[in-house]
Amino acid sequence: MAIKVHGALFSTCTARVLICLCEKGLDYELLPIDMVAGAHKQQPFRSLNPFGEIPAFEDGEVSLFESRAINRYLARKHKDIGTDLLLSNSFTQSALVETWMEVEAHKFDSPSSVILRQIIVIPKYGKAPDQQVIETEMEKLGKVLDVYEERLSKSKYLAGENYSLADLHHIPPLVYFMKTSKANAITSRPHVSAWWNDISLRPATVKISATMSLL
Amino acid sequence: MAAIKAHGSLISTATNRVLVTLYEKELEFEFVSVDMSTGEHKKDHFLSLNPFGQVPALEHGDLKLFESRAITKFVACEYANKGTQLIHQDSKKMAITLVWMEVEAQQYDPVASKLVWELRIKPLVGMVTDKAIVEENEAKLAKVLDVYEKRLAHSKYLGGDCFTLADLHHLPTLQYLLGTQSQKLFDSRPHVSAWVADITARPAWLKVQAMRKKH
């Protein structure tokens with residue numbers, strides 16, 4: 001198969017790419033990487049991603065890493081099939097997609113990742129969550145979500161009236177976040193909550209989130 | 001034979017200590033996965049098996065046990081005539097085995113566990129390794145391994161001529177340290193290095209690692 005994704009089903013970054021592939025209706029092969037055995041830090045994986053992180057991506061001769069770059073590549077290459085995830089028909093719309101993708105990457109990703117790591121991931125390794133860290137990061141996340149609440153009171157999706165990568169990129173961490181005791185950060189903000197209900201019910205989201213498991 | 005249920009997590013070193021023992025003794029058992037990412041190990045059902053809320057726990061018929069090293073001793077004694085002899089019946093030989101089991105628990109494990117956390121787990125979960133802690137614990141591990149090197153120069157295994165729990169107990173943390181920068185501490189000591197190669201290649205240990213691929 002031309003498209004190969006090297007990663008793991010539990011990984012938010014891997015899921016970010018898989019949801020995009022699903023939205024585009026593209027076939028792919030998922031090649032599991034055994035991270036507990038350290039496969040991601042060794043060859044042959046290291047030649048696909050010199051940072052030794054999942055996912056890595058191959059499309060025939062093309063070899064990429066960084067989930068958001070992979071998604072942009074897919075959205076551009078296949079802009080005429082499946083969902084138009086970069087709203088490429090309008091230069092202005094596309095710019096708004098880019099803006100809110102930057103927001104996700106630089107403002108949303110960090111606090112949400114730290115919170116998930118504390119609440120869900122490190123307990124897997126027998127450590128107790130650091131409540132101080134959780135509190136600090138929840139405050140940061142709250143401020144970001146306040147901006148989202150304001151934005152989503154004016155438009156259905158982050159970039160405007162149409163679903164795009166700007167929304168999609170949030171999905172994998174939110175799938176996990178909504179299972180924690182902190183989910184009320186989303187449910188208590190009506191427009192953010194409605195937005196989450198909408199994007200979480202998209203067939204591509206439903207399909208991939210069903211395979212995401214932290215076990 | 002009483003039904004054996006091992007409750008734990010396949011990424012837990014303590015759980016793996018029990019699993020490898022069950023395989024060495026060629027025992028039938030059921031592995032029950034505990035979902036620590038949802039706090040299952042802190043809920044009432046699991047607390048009835050281990051009041052400390054830690055994995056693993058073992059059910060043997062009506063008997064409920066916890067603490068991996070207590071479980072392995074029980075299994076080794078209960079099934080003395082089955083599979084690999086993991087603890088000598090002769091009290092003087094058993095004493096030597098017990099000495100080196102204590103060494104693993106008191107001298108080796110606290111240091112090795114810190115290195116596993118810093119060098120293996122933290123990178124896996126996106127946290128930053130603390131170089132000072134690594135340096136401090138590598139120095140301590142080096143001193144422990146110097147003692148092992150002398151011991152293994154006149155004894156094929158730590159407890160004597162045969163593989164016993166004194167060696168087995170090291171396997172889970174040892175496996176995690178291989179492939180990290182701490183591997184050099186083992187490689188640079190010829191008798192330790194040979195012992196590591198020997199015990200990590202045992203079929204029972206390979207079976208435990210294969211479990212992760214299936215689950």
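B:E67 is partly exposed, with a relative accessible area of 45%, where partly exposed denotes the range between buried (under 20% relative accessible area) and exposed (over 50%), computed with a 1.4 Å probe on protein chains only. This residue sits in the loop between β4 (63–66) and α3 (68–78) of chain B, the helices (H or I, at least four residues) and strands (E, at least two) being DSSP runs numbered from the N terminus. Although B:E67 is not a glycine, its phi is positive, at about 75 degrees. The model is predicted, so that local features need pLDDT of at least 70 and side-chain atom pairs count only at pLDDT 80 or more, while totals for chains, interfaces and linings use all residues. Residues are numbered from 1 along each chain as its sequence is written, chains are lettered from A and ligands numbered from 1 in the order in which they are written, and side-chain values use heavy atoms, with hydrogens and water left out.

Most residues other than glycine have a negative phi, and most peptide bonds are trans. In chain A, A:L87 also has a positive phi, near 45 degrees; A:L87 belongs to the loop between α3 and α4 (91–124) and, at 8% relative accessibility, counts as buried. Two cis peptide bonds of chain A are set out below.

| Peptide bond | Omega | Place of the proline |
|---|---|---|
| A:Q43 to A:P44, cis | near 5 degrees | A:P44, loop between β2 (29–32) and α2 (45–48) of chain A |
| A:I54 to A:P55, cis | about 5 degrees | A:P55, loop between α2 and β3 (56–59) of chain A |

Both A:I54 and A:P55 recur among the contacts (heavy atoms within 4.5 Å) of A:T14, which, leaving aside neighbours within four places in sequence, also touches A:V5, A:G7, A:A8 and A:L30. A:T14 lies in helix α1 (residues 12–23) of chain A and is buried, at 0% relative accessibility. Its side chain makes a polar contact of 2.9 Å with that of A:S11; such a contact is a pair of N or O atoms within 3.5 Å, of which, within protein, one must be able to donate a hydrogen and the other to accept it, and residues adjacent in sequence count only if both atoms are side-chain atoms.

A:N71, in helix α3 (residues 67–77) of chain A, is likewise buried at 0% relative accessibility. A polar atom of the A:N71 side chain lies 3.1 Å from the backbone oxygen of A:R16, and this side chain also makes a polar contact of 3.2 Å with the side chain of A:H169.

Turning to chain B, the axes of helix α5 (residues 131–154) and helix α9 (residues 190–200) come within 7 Å and cross at roughly 80 degrees, the axes being lines fitted to C-alpha atoms over the stretch in contact, with angles from 0 to 180 degrees between N-to-C directions. The two helices are therefore roughly perpendicular, a label for angles of 65 to 115 degrees. Among the residues making this contact are B:Y148 and B:L152 of α5(B) and B:W195 of α9(B).

B:Y148 and B:W195 are, with B:L22, the residues with the most contacts inside the largest nonpolar core, which has 72 residues; a nonpolar core is a set of buried Ala, Val, Leu, Ile, Met, Phe, Trp, Tyr and Cys residues joined through side-chain atoms within 4.5 Å. Helix α4 (residues 91–124) of chain B gives the most to this core, with twelve residues. A second, separate core of 55 residues includes A:I3, A:V103, A:V175 and A:W196.

Terms used
Angles under 35 degrees count as roughly parallel, over 145 as roughly antiparallel, 65 to 115 as roughly perpendicular and the rest as oblique.
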